[in-house]
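Here are my notes for you on this structure, written as numbered points. Please keep the 3D view open and find each residue as you read.

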Amino acid sequence: MDEVPENAPETAGSRRAASLLQPVDEQARALARRLLRGARHGALAVVGPSGHPAASRVLLATDFCGNPVILISNLSAHAAALAADPRCSILVGEIGKGDPLAHPRLSLAGTAAPIGADASERPALRERFLSRHPKAALYADFADFHLVRLQPLGAALNGGFGRAYELDPTDFVDAPVAGMEAAGIRARDHMNADHADAVDQIANRVGEAGAGWRIVTIDRSGFEIGRGDRLRHVAFTLDPAGSGGFRQAFVALLAAARTPEDGAVAS
């Protein structure tokens, strides 16, 4: 095979693209986690039968570590494509006012790994998915539907003009810690049952008005509060994997919530 010339357009383009990338810092990592964990849907791209990329919109959740999880029907075109070739990518990020390209987005590349109906992790993933998408309970247990975890290989983060980053999976997916998921579920249930006023206080602090908010999902990076069709991700200010666990993480967050000038709890 002939060697690719040093001045080939692709190589030069790759060098130019790399020179535009920013160093990955904690702010970029936090943004990537928020975009992925807070996304309710994404544009899933697969390798179609013709060999060309094919994109579709899918409902989205994440597992406890932050890996994307989707629910798909075996009858869908993208399910057949993933069965033939598990390579895929998913784009997340909501647009707001003004130029759509001025708003942050994350494009994640990975491989699809189906979750078997008898897999020990399926009940927890199902509960987590349906807590974000309750209407999916109407069909989630149909024989032709199954959960799929997307195992990230990397991601491109665009935080807006002039803010491009190339991320490794470790930048936005948490390492598993034994017992943390069960501890997180207990903390979520305790906060909802015994500290509903504190949950409302956190919601109000991040700009969500009213009462009746509940913690929907929780993981090491943070949690989601929900009311009706509204979901909002809130980042922890203290790592619950450290001393004090989830209790101390909530105490630290509530202390920040009671300080109006401190915006650390918003995510």
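1. Let's begin with the lining of the largest cavity, which by class has 1 nonpolar, 3 polar and 5 charged residues. Here Ala, Val, Leu, Ile, Met, Phe, Trp, Tyr, Cys and Pro count as nonpolar, Asp, Glu, Lys and Arg as charged, and the others, Gly among them, as polar. The residues in question are R37, T62, R128, R132, T217, D219, F223, E224 and H233. Helix α4 (122-132) and strand β10 (222-227) each supply at least two of them.

2. Before going on, please note that this is a predicted model, in which local features need pLDDT of at least 70 and side-chain atom pairs count only at pLDDT 80 or more, while totals for chains, interfaces and linings use all residues. Residues are numbered from 1 along each chain as its sequence is written, and side-chain values use heavy atoms, with hydrogens and water left out.

3. What do "cavity" and "pocket" mean here? On a 1 Å grid over the protein atoms alone, a cavity is a set of points where a 1.4 Å probe fits but cannot get out; a pocket is an open set with protein on both sides within 12 Å along at least five of seven lines; and lining residues have an atom within 4 Å of a point. Grid points are joined across faces, edges and corners, and a volume is the space filled by probe spheres set on the points. There are 3 cavities of 30 Å³ or more, and the largest holds about 50 Å³.

4. The second largest cavity has about 40 Å³ of space. Its lining consists of L71, R122, R126, F129, L130, A140 and L147, and α4 gives the most, with 4 residues. By class, this lining has 5 nonpolar, no polar and 2 charged residues.

5. Now look for the largest pocket, with about 630 Å³ of space. Of the 26 residues that line this pocket, L35, G38, A39, G93 and E94 are the closest to its centre. Among the elements that each supply at least two lining residues are α2 (26-38) and β1 (41-47), but β11 gives the most, with 4. The lining splits into 10 nonpolar, 8 polar and 8 charged residues.

6. Which side chains of strand β8 (residues 164-167) are buried? Those of Y165 and L167 are, and they point to one face, whereas A164 and E166 point to the other and are not buried. Buried means under 20% relative accessible area (1.4 Å probe, protein chains only). In a regular strand the side chains alternate between the two faces of the sheet.

7. Strand β8 runs antiparallel to β7 (residues 145-158), and 4 bridges join the two; strands pair if DSSP finds at least two bridges between them. A155 stands opposite L167 in β8. The hairpin of β7 and β8 has 5 residues between the strands, and G160 there takes a positive phi near 125 degrees.

8. Helix α6 (residues 196-205) has A198, V199, D200, I202 and A203 buried. After α6 comes G207, with a positive phi near 95 degrees.

9. Finally, step back to the whole protein chain, with its 7 helices and 11 strands. Helices (H or I, at least four residues) and strands (E, at least two) are DSSP runs, numbered from the N terminus. Of the 267 residues, 43% count as buried.

Key. Buried means under 20% relative accessible area, exposed over 50%, partly exposed in between (1.4 Å probe, protein chains only).
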